[in-house]
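Here's a quick briefing to read alongside the model. Have a look at the structure first, then work through the points below.

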Amino acid sequence: MVLRKFATMSKSRGIAPYFYIGPVMAILTILMIYPMCMIIKLALYNNYYVVSKPVWVGLKNFIDFSRNEIFWVSLKNTVIFTVFSVFFHMIVGIAFAVLLNQPLNEIALTFFRSILILPWIFTAAIVAINWQLLLDPLGIINFILGKLGMLTSPVEWFGDYFLAMPTLIFVSIWRGYPFVMISILAGLQGIPINTYEAAKIDGADAWQIFCYVTLPQLKPILLSVGLLDTIWTFRLFPLIWLTTGGGPGRATEVLSTYTYKLAFVRFEFSKASALGTIILIFVMVFTFFYLKHQKPV
Amino acid sequence: MNFKRICIFILLTTMVISLGLFVGGQAATGQKTTIEWMQWYAPHMKKGGMDRILDSFHVEHPEIQVELVTIPFGKMREQILTSTIVGKAGDVLGLNPPWNAGFVDANALEPLGSYLSSAREINPEDLAHAVIQEYKGQVWMVPLTAFPFVMFGNKDRMREAGIGTPPSTWEELKEVALKMTIPEKGQYGYAIGMSSLPPSNGPIIDVYPMLYTAGGRTVKNEMSNLDSPEVVETLKFLKGLNDSGAVAPGLNTMLQTQKVERFSAGEVAIILNNQANIETVYLRNPDLNLVVFPVPKKKKWAYRMHGWMLGISSKSKHKKEAWTLIEWLLTPQVNGPFSELSRQLPGNLAASLDITDPNIAICEYMLLSHEGVEELMLTKQAPASWRIFVEELQKMFADKQDPVTTAKNAHKRWNELFATAE
């Protein structure tokens, strides 16, 4: 039946399209689908690679996480980190995009655009090292705050249980806002100028124009960017790993850092795979909403 | 007809050439076997030191070509494991004693018992004993170098503070560290590194050597011994030292490498670290007036023994050649110069060293006269265990729990960890 259908299709459209998508499908299968299937397979054993005879345990690794305190702490931290990071990425991104959309001198605009996009260009390792140095207890930020009389003793920004997560979120905001800014800026430049002029004639002030003209027109971009940013931030690993390593204690432990520790510190590859699968499910849910939103009406 | 002849001629010529290349290739590869040596040592040695050693090896063993693969220490453990999983680990592996049990359990290492018993160039009895330990009835790694954990002191800072001789007891250490602390100048007497960043090994550097001088151990009968009075006493001392203000701020984020950098920069006057870092300090700040001295004692002179270890990958296709390199490196006539080039002590105690540096001499004195302890080789899940200890110690230094609770909590978590490792 399938073959007949294929033959009919081949006759009507030829098999050329399959050759076109063939290489891409092959690459996707090798680089995405196969590793994904392997991760799910590994998650169903007691351990893998480091044991001579892996034993099938079904969903035990997943069930064990429901009783695992570190898993819940990591999930809570992941949610906090994602929500605050994405929220402030949007706020800061929109604010800078609006500022960059003003009719300023062209050279000044180019200069500010270049400066404001810089955090996005740096790799996670560079960002982590920079902020570690800046926020070191004996670093320049503590020194300046001390000179201004705002600190009496050095603050351990990344080493303090209470401050570590807010500091990490701050670094994540600094690194992540340019993506939102650029996307919103592109959207702002697509809004017809006459809608602003009409609003002005109707007597709307700047805030009303922003709320009732700009924001509604940016809604599709905001949703897309917000969902994409949520997906990326939820599974973020390098920045957190290189900045705090999940510490102090478990104060900044997120699902991705916990997965890494299970795999490469404890050599528990099946548990790490189970956790990887859980992250995958979360990300797939976000992706579903993103694709649903992208679907043309 | 002509066309057919041409085809036959081309075919025959191709076959002859291919056969020639095949035989030639076989002969060439038969003469020389290439082995990979994965390690992190080379950058820590005197400039060109590793090249000189390998050049000598190639002269003596022209049949073996050694390809050096240098990986940063922080990435080494992970690299060995992932390479083993894909079956592509190097032949000779640079190893760290605490990785012993984990790698053996992961089937990453080749047992060395038969190689050692049939060794002709070395006497296994001469190898540093504290770092030759049997796990699952076999020896899996041998010491290329051996060295103690020692105190690094800044002689100039000590002189400025009116301190003539380095501290020899815990009480003296606290006293001198306090004397050398001037926060307004950004100068501190002591530093502790308890960062969560990998390798997150603060406890084994800053706690274990102190504990050994109190006569304590972290593990007893393959179970946690962290609730012992000696551990509690050590934690109380370190907490008190930190609370006194003598310890540089930021210990919960300070990496051991940063500790060495701060010491080299003169910001910190005393640190505890391994002998291998003497070379690092010399390189970072040749003007620093360095004095190395034994870890101040509580009850007895003891030190944490360490070494750059060597092993053979279980996936190696050239195990015989790999052992040839290892055995050659361990021979007294090579091991001595290698140790000198890395400013360490030889793993083969029969090797003679021409020690001119008093800082190395004190390490040799410790090695011969103090008690050397190495517990981590037999500790199951050693890296995971010290990560747990880091978490509990961070809480202690952040005043979230006292030393007694810290020891109790770490003890409980270690036993849970060891139970899962079974």
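B:R262 pairs up with A:D136 in a salt bridge, and their closest N and O atoms sit 2.6 Å apart. That's in a predicted model, where the count of salt bridges between chain A and chain B comes to two. The notes below start with that chain-to-chain contact and then turn to the two domains of chain B.

**Where chain A meets chain B**

- On the contact list you'll find 29 residues of chain A and 34 residues of chain B.
- Three residues stand out on the chain A side: A:L138, A:Y161 and A:F267 supply 23% of the area that chain A buries against chain B, more than any other three residues.
- Taken over both chains, the buried area is about 2,500 Å², with carbon and sulfur atoms giving 59% of it.
- For polar contacts between chain A and chain B, the count is nine residue pairs, both partners being at pLDDT 80 or more.
- Two helices of chain A, α11 (238-243) and α12 (255-264), each put at least two residues into the side that touches chain B.
- Sorted by class, that side of chain A holds 15 nonpolar, eight polar and six charged residues.

**How chain B divides up**

- The domain assignment splits chain B into domain 1 (33-144 + 307-361) and domain 2 (148-305 + 380-421).
- Measuring aside, the computed distance between the centres of these two domains of chain B, over C-alpha atoms, is 28 Å.
- Each domain of chain B brings 16 residues to the contact between them.

**Between the two domains of chain B**

- Domain 1 and domain 2 of chain B bury about 1,500 Å² between them, and carbon and sulfur atoms give 56% of that area.
- In domain 1 of chain B, the residues losing the most area to domain 2 are B:P98, B:R343 and B:N359, which together make up 38% of what that side buries.
- B:R343 also forms a salt bridge with B:E279, with 2.1 Å between the closest N and O atoms.
- The salt-bridge count between these two domains of chain B is one.
- Polar contacts between the domains of chain B number seven residue pairs, again with both residues at pLDDT 80 or more.
- Helices α4 (100-105) and α14 (358-369) of chain B each give at least two residues to the side of domain 1 that touches domain 2.
- That side of domain 1 of chain B breaks down into eight nonpolar, three polar and five charged residues.

Methods: Residues are numbered from 1 along each chain as its sequence is written. Chains are lettered from A and ligands numbered from 1 in the order in which they are written. This is a predicted model: local features need pLDDT of at least 70, side-chain atom pairs count only at pLDDT 80 or more; totals for chains, interfaces and linings use all residues. Side-chain values use heavy atoms; hydrogens and water are left out. Contact means heavy atoms within 4.5 Å. Buried area is the accessible area (1.4 Å probe) that two parts lose on being put together, summed over both. A salt bridge is a side-chain nitrogen of Lys or Arg within 4 Å of a carboxyl oxygen of Asp or Glu. A polar contact is a pair of N or O atoms within 3.5 Å; within protein, one must be able to donate a hydrogen and the other to accept it, and residues adjacent in sequence count only if both atoms are side-chain atoms. Helices (H or I, at least four residues) and strands (E, at least two) are DSSP runs, numbered from the N terminus. Ala, Val, Leu, Ile, Met, Phe, Trp, Tyr, Cys and Pro count as nonpolar, Asp, Glu, Lys and Arg as charged, and the others, Gly among them, as polar. Domain bounds come from an automatic or database domain assignment.
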